[in-house]
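Could you walk me through this structure, starting with its charged side chains and then moving on to the rest? Plain language is fine.

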Amino acid sequence: VLRLEDIERREAPIFANGSAALWNLGDGIIGFEITTKIHAIDEAVFDGLEEMLALALGRYQGVVIGSDAPYFSAGFNLEYCAELI
């Protein structure tokens, strides 16, 4: 079993901002983690996804989106969503 917690203890993220982090999971796989409170999706999460795509297309064979949290995401940041509309 691969736990993100173990990877976080032994190495720095490939990329991180206030809302997301990218991790090298080994074997050509990149991991994407939402790091906001209750894992709400906001603008910086989208920035992280763009960074993940840019990195993954040239150097990695696969992507895993997830975390060690008991839930995936509480949803979308409604304030940010209203700005998009």
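Arg9 has a relative accessibility of 61%, so it counts as exposed. Keep in mind that we're looking at a predicted model here. The side chain of Arg9 has two acidic partners. One is Glu5, which it meets in a salt bridge at 2.7 Å, N to O. The other is Asp6, with a salt bridge at 3.4 Å, N to O. Both pairings fit the helix: Arg9 and Glu5 are four residues apart in helix H1, so about one helical turn separates them. Asp6 and Arg9 are three residues apart in helix H1, which again puts about one helical turn between them.

Glu5 has another partner too, as its side chain meets that of Arg3 in a salt bridge at 3.7 Å, N to O. Put the pairs together and you get a network of salt bridges that links Arg3, Glu5, Asp6 and Arg9. A search of the whole structure finds three salt bridges. As a reminder of the chemistry, side chains of opposite charge can pair when their charged atoms come close.

How open are the other members of the network? Arg3 is partly exposed, because its relative accessible area is 37%. Glu5 is partly exposed as well, at 36%, and Asp6 is partly exposed at 28%.

Now stay in helix H1, which covers residues 4-10, and look at Leu4. With a relative accessibility of 10%, Leu4 falls under the 20% cut-off and so counts as buried. What does Leu4 touch? Leaving aside residues up to four places away in sequence, its contacts are Trp23, Leu25, Glu33, Gly66, Ser67 and Asp68. Take Asp68 from that list: it sits 64 residues from Leu4 in sequence, yet the two are 6.3 Å apart in space, C-alpha to C-alpha.

Next, a couple of backbone spots to check in your viewer. Most residues other than glycine have a negative phi. Asp27, however, has a positive phi, near 55°. You'll find Asp27 in the loop between strand S2 (20-26) and strand S3 (29-34), and at 77% relative accessibility it counts as exposed. Ile38 also has a positive phi, near 50°. Its place is the loop between S3 and H2, and Ile38 counts as partly exposed, with a relative accessibility of 45%.

Let's finish on the surface, where there are two patches to look at. Glu43, Asp47, Glu50, Glu79 and Glu83 form a negative one. Helix H2 (43-59) and helix H3 (78-84) are the elements that give two or more residues to this negative patch. Which element gives the most to the negative patch? That's H2, with three residues. On the H3 side there's Glu83, which counts as exposed because its relative accessibility is 57%.

The other patch is nonpolar: Phe46, Phe76 and Leu84 form it, and together they have about 260 Å² of accessible area. Leu84 belongs to helix H3. With a relative accessible area of 54%, Leu84 is over the 50% cut-off, so this leucine is exposed. Helix H3 therefore holds both Leu84 of the nonpolar patch and Glu83 of the negative patch.

Conventions. Residues are numbered from 1 along each chain as its sequence is written. This is a predicted model: local features need pLDDT of at least 70, side-chain atom pairs count only at pLDDT 80 or more; totals for chains, interfaces and linings use all residues. Side-chain values use heavy atoms; hydrogens and water are left out. Patches are made of residues with over 30% relative accessible area and no salt bridge: like charges are joined within 9 Å, nonpolar side chains (Val, Leu, Ile, Met, Phe, Trp, Tyr) within 5 Å. Accessible areas come from the Shrake-Rupley method with a 1.4 Å probe; for residues, only the protein chains shown count as cover. A salt bridge is a side-chain nitrogen of Lys or Arg within 4 Å of a carboxyl oxygen of Asp or Glu. Lys and Arg count as positive and Asp and Glu as negative; His and the chain ends are not counted. The place of a charge is taken as NZ of Lys, CZ of Arg, CG of Asp or CD of Glu. Buried means under 20% relative accessible area, exposed over 50%, partly exposed in between (1.4 Å probe, protein chains only). Contact means heavy atoms within 4.5 Å.
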